[in-house]
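Okay, thanks everyone, let's get going. I'll put the sequence and the model up, and then we'll walk through it together.

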Amino acid sequence: MGKLRLSFTKEGRAVYISHLDLLRTFQRVFLRQGLVLRHSQGFHPHPIISFALPLPVGQSSVCEVLDFEVNGDMDGAGLPDALNRFMPEGIRALDCHVPVRPVRELAKLHCKVEFLYDGGVPADGAESIRRLLAGESVVIQKRTKRKAMADVDIRPLLHRLEIGETPGLLTLDAVVSAQNPGLNPALLGTAVEVHLPQYAPDFLRVRRLELLTENGELFR
C-alpha cells in the first residue's frame, strides 16, 4: 500500500466545479490513467481519496492538495504529466509525492482577495478597510453546521494582511487560519459589507496561493 499526495491547480471555468464533482473527476482521471486506487472495506467499497482543504465553488487555487492510496509502492514520479493528458480545462496536476506532514498540521492559508469596483475604489477605501480588519474584533454573522446564524469574531483567524490599490481594484494579500476553525477568505468581503457598506466591492475574487503549517512553512 502506498500513500501519495497530489498538488494541483483549479482555475478558469473549473472554479465552478463543485467539490463532489471534483472528486468524481479525479476518480475518472485516475481510472483512465490505469491507476489502481486502494478501496475501503465493507459492503460499499469506495476509493480512498480526500482533499486536504476543500475549495469553495467560485474560488481559484494554485495549491490544492489531494491525498490517495494505491495498491503497491510508488513514489508518484511522472504521475502529474500522465494525469494531465486526461484533465479537464482549468485543472492541472503539478506534483506528486509521498506525504511529508499529516493533514492536521495544515494550519494556515496564504491567499489573495480582490475587491473590484465598477466606478473606481472609493476615496480612503484601502485605509478604512485596513483599520477595520486590524481592529481588536471583527464580528459578522455566519451560518453554523446546524444551519443557524451566529455571531463570529473573525479577527483571531486573520494572521497577516497587506492591502494594495490599483485603479478599480483593492488587493488583499492575507494569511488566514485554514482549519479548526478556518476562515473562508471571502468573509473578509462580508465584514466590509457589514461594517463599511460604503466600501463594499461590486465583485470579489479569491485565489489560494499557499498552504502553510503553523510556523509558516509550506505544507507538503
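I'll start with the whole chain and then zoom in on one serine.

First, a caveat: this is a predicted model, so please keep that in mind as we go.

So, what's it built from? We've got 4 helices and 10 strands in this protein. If you read along the sequence, the order goes β-α-β-β-α-β-β-α-β-β-β-β-α-β. As for dimensions, the C-alpha trace spans about 60 × 35 × 30 Å along its principal axes.

Now, how is the chain put together? Take the contacts with a separation of 6 or more: 72% of them are between residues 24 or more positions apart. Of the 220 residues, 43% are buried.

On to the outside. The protein exposes about 12,000 Å², and carbon and sulfur atoms supply 51% of that. For the charge people here: I've got 27 positive and 26 negative side chains, with the centres of the two sets 7 Å apart.

Okay, let's zoom in on Ser7. Where does it sit? Ser7 is in strand β1, which covers residues 2-10. And is Ser7 buried or exposed? Ser7 counts as buried, because its relative accessibility is 16% and the cut-off for buried is under 20%.

Which residues does Ser7 touch, if we leave aside neighbours within four places in sequence? Those contacts are Glu64, plus a run of Arg92, Ala93, Leu94 and Asp95. If you've got the model open, click on Ser7 and find those partners yourself.

That's my bit, happy to take questions.

Terms used. Residues are numbered from 1 along each chain as its sequence is written. This is a predicted model: local features need pLDDT of at least 70, side-chain atom pairs count only at pLDDT 80 or more; totals for chains, interfaces and linings use all residues. Side-chain values use heavy atoms; hydrogens and water are left out. Helices (H or I, at least four residues) and strands (E, at least two) are DSSP runs, numbered from the N terminus. Buried means under 20% relative accessible area, exposed over 50%, partly exposed in between (1.4 Å probe, protein chains only). Contact means heavy atoms within 4.5 Å. Accessible areas come from the Shrake-Rupley method with a 1.4 Å probe; for residues, only the protein chains shown count as cover. Lys and Arg count as positive and Asp and Glu as negative; His and the chain ends are not counted. The place of a charge is taken as NZ of Lys, CZ of Arg, CG of Asp or CD of Glu.
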